[in-house]
Amino acid sequence: MATKAALEAQLAVVAGFESPKVALEQYPTPPELAAHLVHLADLRGDIEDRTVVDLGTGTGMLALGAALRSPETVVGVELDSDALTVALDNAHRVGTHTSIHWVRADATRLPLCLGDDTEVTVLMNPPFGAQQGNEHADRAFLETVSDIADVSYSVHNEGSKEFVEAFADDNGGELTDAFRATFDLEHQFEFHESARHQLDAEVFRIEWA
Ligand code: SAH
């Protein structure tokens, strides 16, 4: 297996959103966080020969990170067609040979039938539900995860552990790992007052029954 540093270097070419949409909470996943998550998942045997689904794929960062290892196939699901255009372009930049299906769909009402025999790993950095009118956006994504995944890795805002653990318990899942991650984001929305913006996040691995 290649190193995490090598993966991070390969992901450094992934371009960000052209004009990020506040309502969709379009925050790009930094390459170091994507590499960390994918490398960890690969070490745990959750990538190789599996179907990896990235819900709210945005720039394609997590889908492409997985594609650079040895999954059977990768599916990137995104509501916004402008973001999918960026993701497609990023797939060319990264230059992976893995088959990636880019699906324009609402991840909370997923029109995908993956088959009972398919081993599915979900990687996602969904909207956190931090914007008005979008509360619990991550809950709706987790509902889809509980329907399709054998195992999932998801990024949430700080302080989500109790909620995520309770959700997993109620839906046949078991929280096996939790770690913190700090996003260092460039100023992208008008309401960000400084040029750089730090976001504390938490990542959870859940095994689903
Ligand atoms: N992981 C991505 C994007 C994270 S931001 C990256 O690193 O670039 C969350 C993404 O979820 C955004 O791209 C947003 O457009 C998308 N999104 C928001 N609501 C969605 C929904 N209901 N269905 C699918 N995608 C959605």
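Helices and strands here are DSSP runs, numbered from the N terminus. With that naming, the largest share of the lining of the largest pocket comes from α5, which gives 3 residues. The model is predicted.

**The pocket**

The largest pocket holds about 500 Å³ of space. Its lining counts 33 residues. Closest to the pocket centre are L24, G56, P126, P127 and F141. Three elements give two or more residues each to this lining: α3 (61–67), β2 (73–78) and α5 (137–148). By class, the lining splits into 19 nonpolar, 10 polar and 4 charged residues.

**The ligand and its shell**

Where does the ligand sit? It occupies the largest pocket. Around the ligand are 20 residues. Those that come nearest are T29, T59, E78, D106 and A107. The shell around the ligand has 10 nonpolar residues, 7 polar ones and 3 charged ones.

**Polar contacts**

Pairs of N or O atoms count as polar contacts within 3.5 Å. The table lists contacts between the protein and the ligand.

| Residue | Protein atom | Ligand atom | Distance |
|---|---|---|---|
| Q26 | polar side-chain atom | oxygen | 2.9 Å |
| G56 | polar backbone atom | nitrogen | 3.4 Å |
| T59 | side-chain N or O atom | oxygen | 2.7 Å |

Q26 and T59 each reach a ligand oxygen atom through the side chain. G56 instead meets a ligand nitrogen atom through its backbone. How much of the ligand does the protein bury? Taken alone, the ligand exposes 570 Å², and the protein buries 96% of that.

**Residues with two roles**

T59 is among the residues that come nearest to the ligand, and its side chain makes the 2.7 Å contact. G56 is one of the residues closest to the pocket centre, and its backbone lies 3.4 Å from the ligand nitrogen.

Methods: Residues are numbered from 1 along each chain as its sequence is written. This is a predicted model: local features need pLDDT of at least 70, side-chain atom pairs count only at pLDDT 80 or more; totals for chains, interfaces and linings use all residues. Side-chain values use heavy atoms; hydrogens and water are left out. A residue is near a molecule or strand if one of its heavy atoms lies within 4 Å of it. A polar contact is a pair of N or O atoms within 3.5 Å; within protein, one must be able to donate a hydrogen and the other to accept it, and residues adjacent in sequence count only if both atoms are side-chain atoms. Accessible areas come from the Shrake-Rupley method with a 1.4 Å probe; for residues, only the protein chains shown count as cover. On a 1 Å grid over the protein atoms alone, a cavity is a set of points where a 1.4 Å probe fits but cannot get out, and a pocket is an open set with protein on both sides within 12 Å along at least five of seven lines; lining residues have an atom within 4 Å of a point. A molecule sits in a cavity or pocket if more than half of its atoms lie within 2 Å of its grid points. Ala, Val, Leu, Ile, Met, Phe, Trp, Tyr, Cys and Pro count as nonpolar, Asp, Glu, Lys and Arg as charged, and the others, Gly among them, as polar. Grid points are joined across faces, edges and corners, and a volume is the space filled by probe spheres set on the points. Helices (H or I, at least four residues) and strands (E, at least two) are DSSP runs, numbered from the N terminus.
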